[in-house]
Amino acid sequence: MDNFHEEVVKSNSGQVLRKILYYLSWVFIAVSALIAAGNLMSMVNTMSFSLIAVISTVVFGGIAFLLYRNKDRLHTEYEYTLTGSDMDFAAVYGNVRRKHLMALSLKLVEASGRAEGPDFERYNSMQDIKKIDYTLNNESQKVYLFYIKEGAKNLLLLEPSEKLTALLRKYNPRVFNL
């Protein structure tokens, strides 16, 4: 029978600061959009297109758009999904948008362990390694997975629960000696 487990990693700190930044971003979105709309309306009403007015409209419109598009990243969560011998990773932004980050076959994992100590430092200090961090909490217990995919060395950092750790250990006790 295939193992299926899904868990969501949420940030445990800075909730108040993130809420303040979220509401401030809405204020800046509104102000930037109003400035852009005001400049656009003045250009249309007077039929005089000055370079400064066009640049100002584009800049403030762009600021409003970028802030609107990225405001949900203040509330980022990671999803780890284990299905049989495959893991999927996704980021959830503001409980609104979900972005698939990667899929990993656990058969590719060559080493794993706690993200501390000499074993982790050996992999972390490799020259041509891609470091992937899907953690949110600094104080949590982190786990690394070292794997080679398509000739590239990768070091993946996670913060799994004890249940997910036990499932990984059950999958391959030699590699997942967590």
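The following exercises, each with a worked solution, concern three residues of a predicted model.

**Exercise 1.** Determine which strand holds I148, and establish whether I148 is buried, partly exposed or exposed.

*Solution.* Begin with the secondary structure: I148 belongs to strand 7, which spans residues 143-149. Next, take the relative accessibility of I148, which is 31%. Since buried requires a value under 20% and exposed a value over 50%, I148 is classed as partly exposed because of its 31%.

**Exercise 2.** Find which residues I148 contacts once its neighbours within four places in sequence are left aside, and state how far the C-alpha atom of I148 lies from that of P173.

*Solution.* With those sequence neighbours set aside, the contacts of I148 are L108, E110 and K153. Turning to P173, which is 25 residues away from I148 along the chain, the separation of the two C-alpha atoms is 19 Å.

**Exercise 3.** For N95, describe the sign of phi, the location in the chain and the class of accessibility.

*Solution.* Most residues other than glycine have a negative phi. N95, which is not a glycine, nevertheless has a positive phi of about 55°. As to location, N95 sits in the loop that links strand 3 (86-93) with strand 4 (97-105). Finally, N95 counts as exposed because its relative accessibility is 62%.

**Exercise 4.** Carry out the corresponding analysis for E150, giving phi, location and accessibility.

*Solution.* The phi of E150 is near 55°, again a positive value in a residue other than glycine. E150 is placed in the loop between strand 7 and strand 8 (152-158). With a relative accessibility of 79%, E150 is therefore classed as exposed.

Key:
Residues numbered from 1 in each chain as written. Predicted model: local features only at pLDDT ≥ 70, side-chain atom pairs only at ≥ 80, totals over all residues. Heavy atoms only, no water. Helix = DSSP H or I, 4+ residues; strand = E, 2+ residues; numbered from the N terminus. Buried < 20%, exposed > 50% of the residue type's maximum accessible area, 1.4 Å probe, protein only. Contact = heavy atoms within 4.5 Å.
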